[in-house]
Amino acid sequence: MPLHKRGNDLVGLCPFHNEKTPSFHVHPDKGFFKCFGCGTGGDVITFISKLENLAFPDAVRMLAQHAGIELEPENPQVSRMRSERESIYEANQTATAFFERMLRSEQGAQARAYCERRGISQASIEKFHIGYAPDEWNALTDELRRSSVDLEIAAKAGLVKRGERGFYDFYRDRLMVPTYSTTGEVIAFGGRALGEAEPKYLNTSTTPVYTKGRHLFALNLARRAASHDHTLIVVEGYLDCIALHQAGFENAVASLGTSFTEEQAKELRKYADGIFLCFDGDTAGNAAAAKAVEIAVQVIEHAGSGVRIVMLPVGSDPDSFVREHGPRAFAALLETSKPAIEHRLEREAERLQRGFDSPADIAKHAESLIRRMTPQMEWDRWRVWVAKRLKVNENDLRNSRFLANTANFAPRSLGVAPATRHVSTSLQPSSFEREALAIMLEEPGFAREFAGRIPVERFRNATYARIYERLVEHADRVGQTADVFALFADDSESMGVLTSLGQRDRSSTVRYEDSAQRRAHLDRVVERLQLDDERQRYTELSRRIDDLVMAGQNVSSDLRHEFDALVTKLKK
């Protein structure tokens, strides 16, 4: 970056935020930098970590490689492994330079024509170091010999094969696309056939520096873009990825010809909070999507990161779609993408609709689906969604819940069955409203004790709310049941409710033996109301965080801490 001398400092425009007046200062004598605009500062390792979006060890490795410094003493075995890895990196770099040179040569005319047909620009060719492997048996092998590269090492790198007459080139007549590690070394290659050769794509297998299913193509470039909006787009093929970069989506990566894996998901978590999984709009793409979503939800979604699914039209892939419809259309697909959990539930809901005719069966299987697929704290949210999608009553899905069973709030005593009484169901208040008022009718002193813990606003039934509100208001005047009835002598509707609650043979509320049992039940009511509030707050925070993440905005630490505290509490 351009820096200008100013006294003992070097000054320039900060790379970490947009500014027109230089506020970024480097202090060479003290060995650190400081931006007085955004407040960022630190040493050279901090600078590289932030600029390249690298973890501390990777930043140290990158700097050490540039400076020619070995990081720590190694035992002989580790030293041999390191030496072998470094030799493979050197062989791969030699091969990359050779392939690039061949693409520019006369031999690469057909490959250049292919790039032109696919819409790959010269800038993208240079950016991704795309090359060409000549249609010869020994072109690369001879180049490696001339460069003093051990062919045994080249074979371990997957560049050459050993035959009866010696080594020969593994890649022939293919467009060559190298894959880089996040620290800048070439670790693998993908070869795209130019004609009818099979397989169409020939990729590096597992080597000492590359494990298939662990790395992602273009992550070395995309991680820098991800440092700004904290999102990454995952596609299946590297040519799809290159097309997206060329269209301006520089946060795109590819899964390198493999199904999306848990190791790749964990790698993505290091660099982004929001992940878009983008798949081809054909049958194979849908199958890949189903498997990838399962992995993503396990590794990323439940870790607090956002995962969204981008489904392309049938017959399209990211490359063809963005070339035919343009970047704006693809950006619109990102904006309308679905959360991973919704995508999974929608697929399962469609299966349920095809497989079950009875609404009762649908509700039973839908409840099982929700419990299996979503975090417990989000069950209520997804019950509403699934019920609407399947056109069933969401209350049918809740029947198995503990809190839906009012008997769970009754005290349990060994060998004694509690006496019960029944109340008219015409008013249909919730169970806690009936129970609370019945207890306060028997022992009015609890109205004063629990006035601040059970808000009148929590009573959904208007008549019950009116009774409770007057009880609390006149708590000092009511000491026994007769006093409660006297309060409502001029209110026939309330008197009818109280009469029903006071009749042992008609009320559905539980009759408690003493004050301790009554107080214990009211304490359970308070706990239930607090739990409902916490679940509601969890849902609100979850949605707010999702919205912020998908909008590319930062989630404040206070919001995160409150959310984490709620999650911990609700899991108990």
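## Close-ups of a predicted model

**View 1. Helices H12 and H13 are oblique to each other.** The model shown in this and the other views is a predicted one. The axes of H12 (residues 318-325) and H13 (residues 327-335) come within 6 Å and cross at roughly 125 degrees. An angle from 65 to 115 degrees would count as roughly perpendicular and one over 145 as roughly antiparallel, so this pair ends up as oblique. On the H12 side, the contact is made by Phe 321, Val 322 and His 325, which meet Pro 327, Ala 329, Phe 330 and Leu 333 of H13. Sorted by type, the residues of this contact come out as six nonpolar, one polar and no charged. Just after H12 comes Gly 326, with a positive phi of about 95 degrees.

**View 2. What does the buried part of H12 pack against?** The buried residues of this helix are Pro 318, Asp 319, Phe 321 and Val 322. They pack against S12, H9, S14 and H13, so keep those elements switched on when you zoom in on this view.

**View 3. Phe 330 sits among the best-connected residues of the largest nonpolar core.** That core has 64 residues, and the ones with the most contacts inside it are Ile 130, Leu 159, Phe 217, Ile 233 and Phe 330. Helix H3 (residues 76-104) supplies the largest share of the core, eight residues. Leaving out residues up to four places away in sequence, Phe 330 touches Ile 233, Leu 244, Phe 249, Cys 278, Leu 312, Phe 321 and Val 322. Another core, of 28 residues, lies apart from the largest one, and includes Ala 436, Ala 438, Leu 441 and Leu 522. As background, nonpolar side chains in soluble globular proteins tend to be buried together.

**View 4. Strand S14 is largely enclosed by the rest of the structure.** Why say so? Because six of the six residues of S14 (residues 274-279) are buried. In a regular strand, side chains alternate between the two faces of the sheet. Here both faces are covered: Gly 274, Phe 276 and Cys 278 are buried on one side, and Ile 275, Leu 277 and Phe 279 on the other. S14 pairs in the parallel sense with strand S12 (residues 231-235) over four bridges, and the bridge partner of Ile 233 in S14 is Phe 276. S14 is also joined to strand S15 (residues 306-311), by six bridges and again in parallel. Phe 279 has Met 311 as its bridge partner in S15.

**View 5. Four strands make an open antiparallel sheet, in the order S6-S9-S10-S11.** Which strands are at the edges? They are S6 (131-133) and S11 (201-203), each of which pairs on one side only. On average, and ignoring direction, neighbouring strands of this sheet are turned by 35 degrees against each other. In the middle of the order, S9 (residues 174-180) and S10 (residues 186-193) pair in the antiparallel sense over seven bridges. One pair to look for is Met 176 with its S10 bridge partner, Gly 191. Helix H9 (residues 238-246) lies across S9, S10 and S11 and runs at about 100 degrees to S10.

**View 6. Five strands form an open antiparallel sheet, ordered S1-S2-S3-S4-S5.** Its edge strands are S1 (4-6) and S5 (41-42), and each pairs on one side only. S1 and S2 (residues 9-12) run antiparallel and are joined by three bridges. His 4 stands opposite Val 11 in S2.

**View 7. Helices H1 and H2 have axes that come within 9 Å.** H1 (residues 44-52) and H2 (residues 56-67) cross at roughly 110 degrees, which makes H1 roughly perpendicular to H2. From H1, Val 44, Ile 45, Ile 48, Ser 49 and Glu 52 meet Phe 56, Ala 59, Val 60, Met 62 and Leu 63 of H2. The residues of this contact divide into eight nonpolar, one polar and one charged.

**View 8. Zoomed out, the protein has 24 helices and 16 strands.** Of the 572 residues, 46% are buried. Counting contacts between residues at least 6 apart in sequence, 63% join residues at least 24 apart.

How values were computed: Residues numbered from 1 in each chain as written. Predicted model: local features only at pLDDT ≥ 70, side-chain atom pairs only at ≥ 80, totals over all residues. Heavy atoms only, no water. Axes fitted to C-alpha atoms, helices over the stretch in contact; angles between N-to-C directions. Helix = DSSP H or I, 4+ residues; strand = E, 2+ residues; numbered from the N terminus. Parallel < 35°, antiparallel > 145°, perpendicular 65-115°, else oblique. Contact = heavy atoms within 4.5 Å. Nonpolar A, V, L, I, M, F, W, Y, C, P; charged D, E, K, R; others polar. Core = buried A, V, L, I, M, F, W, Y, C linked by side-chain atoms within 4.5 Å. Buried < 20%, exposed > 50% of the residue type's maximum accessible area, 1.4 Å probe, protein only. Pairing = 2+ DSSP bridges.
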